[in-house]
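Here is a short report on one protein model. Look at the chain below, then read on.

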Amino acid sequence: MTRVVVVGDLMTDTVARAAYPLAKGSDTPAAVTTHGGGSGANVAAWLAVEGTDAAFVGRRGSDIAGRNRDMELMGYGVDARLVMDQERPTGTCVVMVTHKGDRTMLSDPGANAALLPEDIERCKDLFSGGTHLHLSGYALINEGSRKAAIHTLEIARKTQMSVSVDGGSSSPLKRMGAEPFLEWTQGARLLVVNAKEAEILTGRDTPEQAAKVLTAWYPQVVITSGADGALWYTNGRPEPVTVAAEPVEKIIDGTGAGDAFVAGFLPPWLDGKQPADALTAGCRLAARAMQHLGARPTLDVVDNQIK
């Protein structure tokens, strides 16, 4: 089984799930909970609990939240290489979930914004041929961590690692622009994006059209489309490979479903299994993620019990 090194963001998610439609200017009853988050850290956590040898490189504050996030990752079985920032707090995200399961996120990157090339160099033992790198798109989108992300890709190429990249999030990706993202990540073996991110990167309004355009930059492309499932495409095929989404009776919280998809897809894909099998594994894990609060697998020990 291929080892996966994930480089990217670590966050504390405060999730507020409304019981009723939001009452603007007034109060709405909600269940408010705190969880470990950050797209990169989420991918590493899901990989580890599913049996993949996973490492995570990121940055945290010297606060209690950072210590808890560090211990959580170790609890999942992740080889966590977190640099402690003495000036910035651990990143925080407020996730507002409507009574229907739709999400809106307010993010403060905190220490993530200070990830440095030197931080990557300290973990250079993780980078070697036969190991896979997954880079969180947030690391490129955030200007403060961009040099570290680009340095990570350079090291991976020099050591002949296989590389996958995700799109981060559609709104900040749009603000940054498609051209820089495509330029920085060109040469990655696999791009994983959702339908909105694919449209931003290509200007095409269907995943099938977008996938065909994106193979000009990436040998293989995966596009997720929520309830419509996911597709995989590579040049030379007449049509993409598609699979349906795993049925979910009730979506509790969609936070982290995309990260879970990546973690489900990568192991069978790296093992050389058929794209349809890898897509199915990704959709299955994404469905699991949507059936509980928080972006990561459920741990027996929750935040306020970690001392």
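Which residue forms a salt bridge with Arg 60, and how far apart are the closest N and O atoms? The partner is Asp 70, and the closest N and O atoms are 3.5 Å apart. A salt bridge here is a side-chain nitrogen of Lys or Arg within 4 Å of a carboxyl oxygen of Asp or Glu. The pair links distant parts of the chain, ten residues apart. Arg 60 sits in strand β4 (residues 54–61), and Asp 70 in helix α2 (residues 64–76). Helices (H or I, at least four residues) and strands (E, at least two) are DSSP runs, numbered from the N terminus.

This is a predicted model: local features need pLDDT of at least 70, side-chain atom pairs count only at pLDDT 80 or more, and totals for chains, interfaces and linings use all residues. Residues are numbered from 1 along each chain as its sequence is written, and side-chain values use heavy atoms, with hydrogens and water left out.

**The annotated span**

UniProt, in an unreviewed entry, lists residues 1–298 as "domain: Carbohydrate kinase PfkB". Such annotations may be inferred rather than shown by experiment; positions follow the numbering used here, and feature names are shortened. Helix makes up 37% of this span and strand 25%. Its end C-alpha atoms lie 24 Å apart.

**Salt bridges**

The structure holds 14 salt bridges. Three of them are set out here, with the relative accessible area of each partner. Buried means under 20%, exposed over 50%, and partly exposed in between (1.4 Å probe, protein chains only).

| Pair | N to O distance | Accessibility of the basic partner | Accessibility of the acidic partner |
|---|---|---|---|
| Arg 60 and Asp 70 | 3.5 Å | Arg 60: 9%, buried | Asp 70: 16%, buried |
| Arg 81 and Asp 79 | 3.0 Å | Arg 81: 21%, partly exposed | Asp 79: 24%, partly exposed |
| Lys 212 and Glu 239 | 3.9 Å | Lys 212: 35%, partly exposed | Glu 239: 46%, partly exposed |

Lys 212 and Glu 239 also link distant parts of the chain, 27 residues apart. Lys 212 belongs to helix α9 (residues 207–214). Glu 239 lies in the loop between β12 (230–234) and β13 (241–243). Arg 81 and Asp 79 belong to one network with Arg 3, Asp 53 and Asp 125, joined by salt bridges that share partners.

**A loop residue**

Where does Gln 160 lie? Gln 160 is in the loop between α5 (143–158) and β9 (162–166). Its phi is positive, about 60 degrees, although Gln 160 is not a glycine. Gln 160 counts as exposed, at 69% relative accessibility.
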